[in-house]
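Trainee: Please take a single part of this model and examine it closely. I should then like to see how that part is connected with its surroundings and with the rest of the chain.

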Amino acid sequence: MDYFYIGIDDTDSPDGMCTTFLASSILNEFERSNIKIIDYPRLIRLNPFARFKTRGNGGVSFKLDIDEDTDLAKEIVLGYVRELSMFDCDNTNPGVVFYEGEITEEMVDYAFKAIYSIITIEEAEEFANHIGAEIYKFKKGRGIIGSIAAISCPLEDYTYELLAYREPSRYGTLRNIDYDSVVRMDKETYPETFENIDGKYLAIEPKTPCPVLYGIRSNSPEVLEKAREMVIPNETIADSCIFKTNQHTDMHIQNADRISDMKQYSCYRIRGTVKERPHIIEGGHMFFTLYDDSGEIECGAYEPTKDFRKIVAKLREGDVIELYGGIGEQNTFNIEKFQVIKLNEFVYRNPVCGCGKRMSSAGRGKGFKCKSCGKRIESDEKVPEKIDRTLINGKFYETPVSARRHLSKPLIRMDLD
């Protein structure tokens, strides 16, 4: 069945604008104009490693019945994009896409390409012309890339996010949300809501000067309504909107059979063996090397992941693990979570002499000798010794809420049975 679709992207700016606020403003005008959308508005996050991404790298889309006043809908959308977008910001390059028809398989493929890799403005414009979409580019018009993806992306797994917006006079000021009310909300709605708090850190509260006061994530829009009533904001909420989204689904993760198959600026699940004990460098970042038969790659747990680095530090040479994450600008694999497949539970050490002292190598091919009593043995083979490991075979370990990407699926949403 044919529908009318609207996609919008690249309206974010560091000075107080975001695509979701624009979408919420448009929806309010739709309601005043008696234009109804089908289902919830959609918020689709794209490749987190895209080189020219906006803050959250997400586009929004609406689905309308073709019997609605689509000409008026277009007029409203373009008017609000022109009015609210901060065009003086270099990274604000909005694009709007209107499409009438059905979502085809090649459009779905395009959406996954936008999430998995890099699409240029020229490629997006060519594809829009190919499918018969109507596009509007502002400045460079980079937003058409995400606009088409926001329309086309399938949502077999999805979550919802309630976004509450501030009064414009409050943009750029410290947010004031009652911490205890968030704790109570989390206690009463978890795990249907998730990633609300992380210790004293209010994860529902952005740290940028955007219009968002808070965002609550959930598997259920009904639970979000309950959560809304429980959170106490100490400032006026100007507006709010619930989005259906691909956040927290691992949609960005591709399966890689070999390390050599992985490409820069993409995200993967990859299995390999730890080459050496992790080490930490100045700045608090931790690194180790993962290898398989095809090659090796440096893997990083960065300082913002905090205590997650203490877990990574417990890895040893020979551990087989499966990593989830992506390859950034430095060609390092940024870890989002990992599963222990098989721990190396042995270390190989020089044998202990009959006198109780550990022996030393007598030289290559010359066995071992005891410096204490002088005894020698001819064998060069070290002795395996079982060690206790605090990591657990089969267990997943993830970064803290404060360091988690929009698309990363938290363990609470994974079927780990």
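Mentor: Let us begin with α7, on whose face turned away from the buried side stand the exposed residues Glu222 and Glu229. Exposed means over 50% relative accessible area, buried under 20%, and partly exposed in between, with a 1.4 Å probe and protein chains only. The model is a predicted one, in which local features need pLDDT of at least 70 and side-chain atom pairs count only at pLDDT 80 or more, while totals for chains, interfaces and linings use all residues. Residues are numbered from 1 along each chain as its sequence is written, and side-chain values use heavy atoms, with hydrogens and water left out. The elements are DSSP runs numbered from the N terminus: helices are H or I of at least four residues, strands are E of at least two.

The buried residues of α7 are Pro221, Val223, Leu224, Ala227 and Met230. Viewed down the helix axis, these residues fall within an arc of 155°, so they line one face of α7. The arc is that of the directions from the helix axis to the C-beta atoms.

What do the buried residues of α7 pack against? They pack against β6, α6, β7, β10 and β11, contact here meaning heavy atoms within 4.5 Å.

One of these neighbours, α6, repeats the pattern of a buried side. Ser181, Val182, Met185, Asp186 and Thr189 are buried in α6. Because they cover an arc of only 140° around the axis, they lie on the same side of α6. The buried residues of α6 pack in turn against α7, as well as β7 (193–194), β8 (197–198), β9 (201–202) and β10 (212–218).

The chain that follows α7 offers a second kind of link. Arg170 and Glu235 meet through their side chains in a salt bridge, 3.4 Å from N to O. Arg170 lies in the loop between β6 (159–166) and α6 (179–189), and Glu235 in the loop between α7 (221–230) and β11, so that the pair links distant parts of the chain, 65 residues apart. A salt bridge is a side-chain nitrogen of Lys or Arg within 4 Å of a carboxyl oxygen of Asp or Glu. The two partners differ in their surroundings: Arg170 is partly exposed at 29% relative accessible area, whereas Glu235 is buried at 10%.

Strand β11, which also touches the buried side of α7, takes part in another such link. Lys244 forms a salt bridge with Asp39, with the closest N and O atoms 3.0 Å apart. Lys244 belongs to β11 (residues 237–245) and Asp39 to the loop between α1 (19–32) and β2 (42–45), so the pair ties together parts that are 205 residues apart in sequence. Lys244 counts as buried at 13% relative accessibility, and Asp39 as partly exposed at 44%. In total, the structure holds 26 salt bridges.

From β6 and β11 the path leads to the largest nonpolar core. It has 31 residues, of which Ile6, Ile8, Ile26, Phe30, Phe62 and Val77 touch the most other members. Among the elements that each supply at least two residues of this core are β6 and β11, together with β1, α1, β3, α2 (70–84) and β4. Such a core is a set of buried Ala, Val, Leu, Ile, Met, Phe, Trp, Tyr and Cys residues joined through side-chain atoms within 4.5 Å. Nonpolar side chains tend to be buried together in soluble globular proteins. Leaving aside residues up to four places away in sequence, Ile26 touches Ile8, Phe62, Ile76, Val77 and Tyr80.

Ile8 leads us to strand β1 (residues 3–9), where seven of the seven residues are buried, so the strand is largely enclosed by the rest of the structure. One side carries Tyr3, Tyr5, Gly7 and Asp9, and the other carries Phe4, Ile6 and Ile8. Seven bridges join β1 to strand β4 (residues 95–101) in the antiparallel sense, and five join it to strand β3 (residues 58–64), also antiparallel. Two strands pair if DSSP finds at least two bridges between them. Ile8 has the bridge partner Val96 in β4 and the bridge partner Val60 in β3.
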